[in-house]
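Me: Could you take a close look at the salt bridges in this model for me? I would like to see which parts of the chain they join and how open their partners are to solvent.

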Amino acid sequence: MSETGLTVLDGTHLRSLNPSLPELNGAVGGSQLLEIADSKASTSLFGLSLPQNLKASALSRVIAGAEDHDDDVTFRQAEFDKDKASKFLCDYISAIADEMKDDPLVVSILDGNTLKMFLEDEDDYAMLAENLFTDMDIEDKGKICKSEIRNALVHMGFEMGIPPFSEFPMLNDILKKHRAEGEEELGQAQFAELLQPILQETADALSEKHVVVIHNIKVVNGSKLRKLLADEKQFNDVVERVLLETKSEKDGLRKTKLIRSFLEKHGEDLGLPPSESNEAVILLYDAVFSEIKNEKSVVQVDNEFREFMKDILETFAEQLEANPVFCDLDN
């Protein structure tokens with residue numbers, strides 16, 4: 001699933017995976033088994049190095065459902081025969097998929113195609129080079145140092161298909177190969193001439209080995225909300241909290257506004273997107289409460305408050321499942 005060049009990894013790739021162990025001589029240790037499982041998952045997800053917290057949560061899920069191990073340490077120290085190792089491999093990858101369904105990863109897959117699109121069209125490339133040169137020429141001298149090529153690549157960023165240097169050290173080798181270093185000054189035409197083969201070689205390298213960049217974006221898709229609705233105690237606690245904040249209000253319509261205010265303030269803890277994150281969230285609230293207002297009378301609100309709250313949260317869950325909200329945590 002994608003949005004404007006971003007790819008959302010929600011575990012779907014892993015659910016279709018049928019992992020198998022490599023040839024083993026005898027039993028396998030827990031630490032080695034984890035390395036094998038992480039490698040299988042990573043390979044299925046475009047070579048992505050999975051975040052440590054995701055792997056730890058998945059392992060905790062598996063250990064919680066097993067009788068043999070109490071924690072991460074005892075698991076890593078244990079020995080597994082082939083059958084138990086195969087079962088763990090499937091359970092662990094399934095647990096990673098479950099974690100990603102609840103909290104998807106948003107990534108950019110840099111495979112060289114974006115760069116090739118710029119390079120294949122002379123006009124597009126000329127415009128790109130001109131804009132980059134202008135951005136780098138902060139003193140407006142009409143000249144920049146060769147070393148500014150590095151800054152130009154950083155400036156392009158993943159939006160234009162360039163991975164961070166930290167994720168793709170080969171960029172350093174490409175710059176050295178084309179002597180894009182030092183204080184020698186370049187005019188705009190020289191800059192464009194030097195940049196082109198650098199971008200071409202970068203595109204070729206990325207086509208052979210993709211780079212996957214994880215973004216600090218949270219996808220709110222209704223999964224956490226559905227878990228709350230399925231947990232009667234947790235749901236009843238929420239209802240009690242809302243009742244406390246609305247008990248003094250007898251008018252049904254004003255009570256509905258107080259419920260909305262409560263959810264806007266505390267909804268993030270329940271699995272709703274932060275109310276201030278973007279315009280899509282405001283539209284989501286408007287749509288849900290418009291639908292609820294049309295379906296429920298004031299009497300129903302007062303007499304069947306628990307069901308009323310359930311309807312509100314279920315409507316949110318349905319809307320979020322159909323149209324997940326993307327929240328940029330860096331802004």
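**Salt bridges along the chain**

Reply: Lys 177 is a good place to begin: with a relative accessibility of 56%, Lys 177 counts as exposed. Please keep in mind that this is a predicted model. The partner of Lys 177 is Glu 201, and their side chains meet in a salt bridge of 3.2 Å, N to O. Lys 177 belongs to helix H9 (residues 170-177) and Glu 201 to helix H10 (residues 188-208), so this pair ties together parts that are 24 residues apart in sequence. Glu 201 has a relative accessibility of 24% and counts as partly exposed, because the buried class is kept for values under 20% and the exposed class for values over 50%.

Now for a pair with a longer reach in sequence. Lys 218 forms a salt bridge with Asp 103, and their closest N and O atoms are 3.4 Å apart. Lys 218 sits in strand E9 (residues 217-220), while Asp 103 is in the loop between H5 and strand E5 (105-110), so the pair ties together parts that are 115 residues apart in sequence. Both ends are partly exposed: Lys 218 has a relative accessible area of 33%, and Asp 103 has one of 39%.

Helix H5 also takes part through Asp 98. Arg 15 forms a salt bridge with Asp 98, with 3.1 Å between the closest N and O atoms. This pair links distant parts of the chain, since Arg 15 is in helix H1 (residues 12-15) and Asp 98 in helix H5 (residues 82-102), 83 residues apart. Arg 15 is partly exposed at 42% relative accessibility, and Asp 98 is partly exposed too, with a relative accessible area of 27%.

The bridge between Arg 15 and Asp 98 has company. A network of salt bridges links Arg 15, Arg 61, Asp 98, Glu 99, Asp 102 and Lys 227. Over the whole structure, a search finds 17 salt bridges.

For a contrast with these charged pairs, have a look at Val 288 in helix H14 (residues 279-295). Val 288 is buried, with a relative accessible area of 0%. Leaving aside neighbours within four places in sequence, Val 288 is in contact with Ile 312, Thr 315, Phe 316 and Gln 319. The C-alpha atoms of Val 288 and Glu 318 are separated by 9.8 Å, with their positions 30 residues apart along the chain.

Terms used:
Residues numbered from 1 in each chain as written. Predicted model: local features only at pLDDT ≥ 70, side-chain atom pairs only at ≥ 80, totals over all residues. Heavy atoms only, no water. Helix = DSSP H or I, 4+ residues; strand = E, 2+ residues; numbered from the N terminus. Buried < 20%, exposed > 50% of the residue type's maximum accessible area, 1.4 Å probe, protein only. Contact = heavy atoms within 4.5 Å. Salt bridge = Lys/Arg side-chain N within 4 Å of Asp/Glu carboxyl O.
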